[in-house]
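Here's a friendly walk through a protein model for someone meeting it for the first time. Have a look at the picture, then read on.

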Amino acid sequence: MKIQGTMFVWLSVFVLAMAVVYGVWSKEPAGTTALFLAFGLCIMIGFYLGFTAKRVDTGAQDNKEADVADDAGELGFFSPHSWQPLSLAVGGALAFLGVAVGWWLLYFSAPLILIGLWGWVFEYYRGESRTQ
């Protein structure tokens, strides 16, 4: 994580330099704003990765002598049977369709999004998967 954090910090320096050059040269506000926002995103990601790298054990990607097999193993817990993303996807699709068709469609998409979000957050607090 330390290397990735350093890469994002250097990327943010480059994007900041390009934003300044682009803003001075073109005098176009939309692209300049987008580049400054990209700088902000890069610096936030770089800071997060650097901050997290100090709190966790050194991974195989930070060791120059590591092999690919050193990073093998369990990466985390991923839900194998969740239906909640489907509800969120349908609700999100209806919400974006509501922008094109009519804002009244948001009345139907908001409950689907809220039900999917509620179910996803509390998925492992009830039922047979409660102990995982």
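What follows goes from the overall build down to a few single residues.

First, some ground rules: this is a predicted model, so local features need pLDDT of at least 70 and side-chain atom pairs count only at pLDDT 80 or more, while totals for chains, interfaces and linings use all residues. Residues are numbered from 1 along each chain as its sequence is written, and side-chain values use heavy atoms, with hydrogens and water left out.

**The overall build**

The protein has 4 helices and 0 strands, running α-α-α-α from the N terminus on. Helices here are DSSP runs of H or I with at least four residues, strands are E runs of at least two, and both are numbered from the N terminus. The protein is split into domain 1 (1–58) and domain 2 (83–122), with bounds from an automatic or database domain assignment. Their centres, taken over C-alpha atoms, sit 32 Å apart.

How does the radius of gyration look? The protein has 22 Å, where a compact globule of 132 residues would have one near 14 Å. That radius is taken over C-alpha atoms, and the globule rule is 2.2 Å times the number of residues to the power 0.38. Along its principal axes, the C-alpha trace spans about 50 × 50 × 20 Å. Buried residues come to 20% of the 132; buried means under 20% relative accessible area, exposed over 50%, and partly exposed in between (1.4 Å probe, protein chains only).

**Two residues to compare**

| Residue | Place | Relative accessibility |
|---|---|---|
| Lys-27 | loop between α1 and α2 | 66%, exposed |
| Thr-32 | helix α2 | 14%, buried |

Lys-27 also has a positive phi, near 55°, though it isn't a glycine. Most residues other than glycine have a negative phi. Thr-32, leaving aside residues up to four places away in sequence, touches Ala-19, Tyr-22, Gly-23 and Ser-26; a contact means heavy atoms within 4.5 Å.

**A nonpolar patch**

Which residues make the nonpolar surface patch? They are Val-9, Trp-10, Val-13, Leu-41, Ile-43 and Met-44, and the patch is about 590 Å². Helices α1 (2–26) and α2 (29–55) each give at least two residues to this patch, and Leu-41 is found in α2. Members of a nonpolar patch have over 30% relative accessible area and no salt bridge, with nonpolar side chains joined within 5 Å. A salt bridge is a Lys or Arg side-chain nitrogen within 4 Å of an Asp or Glu carboxyl oxygen.

Technical notes: Patches are made of residues with over 30% relative accessible area and no salt bridge: like charges are joined within 9 Å, nonpolar side chains (Val, Leu, Ile, Met, Phe, Trp, Tyr) within 5 Å. Accessible areas come from the Shrake-Rupley method with a 1.4 Å probe; for residues, only the protein chains shown count as cover.
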